[in-house]
Amino acid sequence: MTHTIRIKAIGCLLVLAASTLIFSCGGNDTKDTAADKPSADSATQKTDDQDVSYNLPSPLQIASLFKKSGLKYIDGVTNKQKDPTKYTSNFSKSLNLGIYGADLAYCVLNKQSQEAMNYMKASTQLSGSLGMTSIFEEGSFVKRFENNINNEDSLRNVIAELQMATDTYLEDNEQQQISAIAFSGAWTEAMFIGSKVFEKSKEKSLNDKISEQMTILYKIISVLKLREAKDPGIPGLVKDLSGLLDVYNNFDSVKKSKTNAKDDDFGTVVGLSDQETTELIQKISQLRDKFVNS
Amino acid sequence: MNRLLKNLSAVILLVTLANCTMAQCKAKQIVKDNKKAIDPYQYDSYAMNEVIIDPAKPQVIEVEFTAFAGQKYKLVFGTSSISEDMKLNVYDKNQRNQKRKKVYDSENGIEKHWVFEPSKSGTYYIDYEIPKSSDGQKKTGCVVMLIGYKE
């Protein structure tokens, strides 16, 4: 090796090392500081030179909120596609993993044991196809679910533990985009189920819950935007959910209440008119149909 | 010369791996270490942030947390690989809002929990105050917030 080539070789090695140090260890789609490392179902966004992380509630909590608002069981409202092999892309698998999760929670909370078991099995299969088989094996979740099929409290504990195992697995394996997409699916499914039950029951509390839940939609969109580079389906999902948020924000009732989903005072229940409710439910249904048929 | 290049490569590889090990928070272990503190509330979610303890300046990391009326919450805070005395405060508005009110502060350090029942649904803002590095060295650590709820 000549002197010049040796110097170049050492130089290249040092540049490579510097690059490795800078871009290794979880480099992601934003300017990477340690404070930007988000956890599952959360993400970090720089705002005015400060970091803000968002944290989203679990599908089980959302289901229990709807249940407390009078959500009854309607046969056939959950995802009829119970063969998870129909979902082939990682995006559609992640989305429908969330949808199955919401269906599972709905069935458990309404003591529909057999349907709950069906969705548990579908979720297990779909998670496996996304590389998460080890979670189910380590926690024996399916067996524990079967053993406690008639005990709602125990089933809720099993689901909560499964949620924890999934959250930490996706975080540690840098697959947080699966979490974000799945949550979008779960939230949409919860809103769809809530709206279908509302159409039948006309319970005001359910309508209020739908309105309240609309105000976390901007957080879901924010979390997804930070993961856009990690799955080609995310930009389209952001567009779809933003479209739904725009519909809501353009309602006269919402404008009049001066409630904007980006404000700090989220959670204010807006009394939507009948026409606005119908339009919102229609939009939610369209989105949900698109997701389950993806 | 070839031996020099080989040795240099080995050193670079080791430093890179060491850097990776120090820089990454392992969610599974940290959540497992803190999950007992959630009882008797049910696990809902967690937020974990890797932080850099900088010798030059303190900093603030803000985490948004969504709480719904009618639920009871228990937030458990923990750290990993941080010896500095961190504080945390919880506010009802984000740090850009000067009218925000503090609803909780950790006073004696971060290893605490907060139990509350919101009267209305809303967003709470947890501000972790990270001091300057106490030994003049730049280092990384993790802060975690576990969220439990019950009805």
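**Figure 1. Lys202(A), the residue that follows helix α8(A) in the predicted model.** In this predicted model, α8(A) is followed by Lys202(A), whose phi is positive, near 60 degrees. Lys202(A) is not a glycine, although its phi has this sign. Most residues other than glycine have a negative phi. The residue belongs to the loop that links α8 to α9 (204-214) in chain A. Lys202(A) is exposed because 11 other C-beta atoms lie within 10 Å, and a residue with 12 or fewer falls in that class.

**Figure 2. Helix α8(A) along its length.** The helix comprises the 26 residues 176-201 of chain A. At 1.5 Å a residue, a span of 38 Å is expected for α8(A), and its end C-alpha atoms are 37 Å apart, so the two values agree. How much of α8(A) is buried? The helix is mostly covered, with 22 of its 26 residues buried. The exposed residue Lys202(A) comes after this helix.

**Figure 3. The packing of α7(A) against α8(A).** Two packed helices are described by the angle between their axes and the distance between the axes. For helix α7 (residues 152-172) of chain A and α8(A), the angle is about 135 degrees and the axes are 7 Å apart. The two helices are therefore oblique to each other, because an angle counts as roughly antiparallel only over 145 degrees and as roughly perpendicular from 65 to 115. On the α7(A) side, the contact is made by Asp167(A), Leu170(A) and Glu171(A); on the α8(A) side, by Gln176(A), Ile178(A) and Ser179(A). By residue class, this contact divides into 2 nonpolar, 2 polar and 2 charged residues.

**Figure 4. Ile74(A) and its contacts.** Ile74(A) is placed in the loop between α2 (59-68) and α3 (90-109) of chain A. Which residues does Ile74(A) touch, not counting residues up to four places away in sequence? They are Lys196(A), Val197(A) and Lys200(A). Helix α8(A) covers residues 176-201, a range that includes these three contacts of Ile74(A). The C-alpha atom of Ile181(A), 107 residues from Ile74(A) along the chain, is separated from that of Ile74(A) by 26 Å. Ile74(A) counts as partly exposed because it has 15 C-beta neighbours inside 10 Å, whereas a buried residue requires 20 or more.

**Figure 5. Lys111(A), with a positive phi in a loop of chain A.** Phi of Lys111(A) is near 55 degrees, a positive value in a residue other than glycine. Lys111(A) is situated in the loop between α3 and α4 (113-129) of chain A. With 12 C-beta neighbours inside 10 Å, Lys111(A) counts as exposed. Chain A, to which the residue belongs, has 13 helices and 2 strands, and 47% of its 294 residues are buried. Among contacts in chain A between residues at least 6 apart in sequence, 70% join residues at least 24 apart.

**Figure 6. The cis peptide bond between Asp39(B) and Pro40(B).** Asp39(B) and Pro40(B) are joined by a cis peptide bond, with omega about 0 degrees. Most peptide bonds are trans. Pro40(B) occupies the loop between α2 (27-34) and β1 (42-53) of chain B. From the N terminus on, the elements of this chain run α-α-β-β-β-β-β-β-β-β, giving 2 helices and 8 strands. Buried residues make up 38% of the 151 residues in chain B. Of the contacts in chain B with a separation of 6 or more, 81% are between residues 24 or more positions apart.

Note on methods
Residues numbered from 1 in each chain as written. Chains lettered and ligands numbered in written order. Predicted model: local features only at pLDDT ≥ 70, side-chain atom pairs only at ≥ 80, totals over all residues. Helix = DSSP H or I, 4+ residues; strand = E, 2+ residues; numbered from the N terminus. Expected span 1.5 Å × (residues − 1). Contact = placed C-beta atoms within 7 Å. Axes fitted to C-alpha atoms, helices over the stretch in contact; angles between N-to-C directions. Parallel < 35°, antiparallel > 145°, perpendicular 65-115°, else oblique. Nonpolar A, V, L, I, M, F, W, Y, C, P; charged D, E, K, R; others polar.
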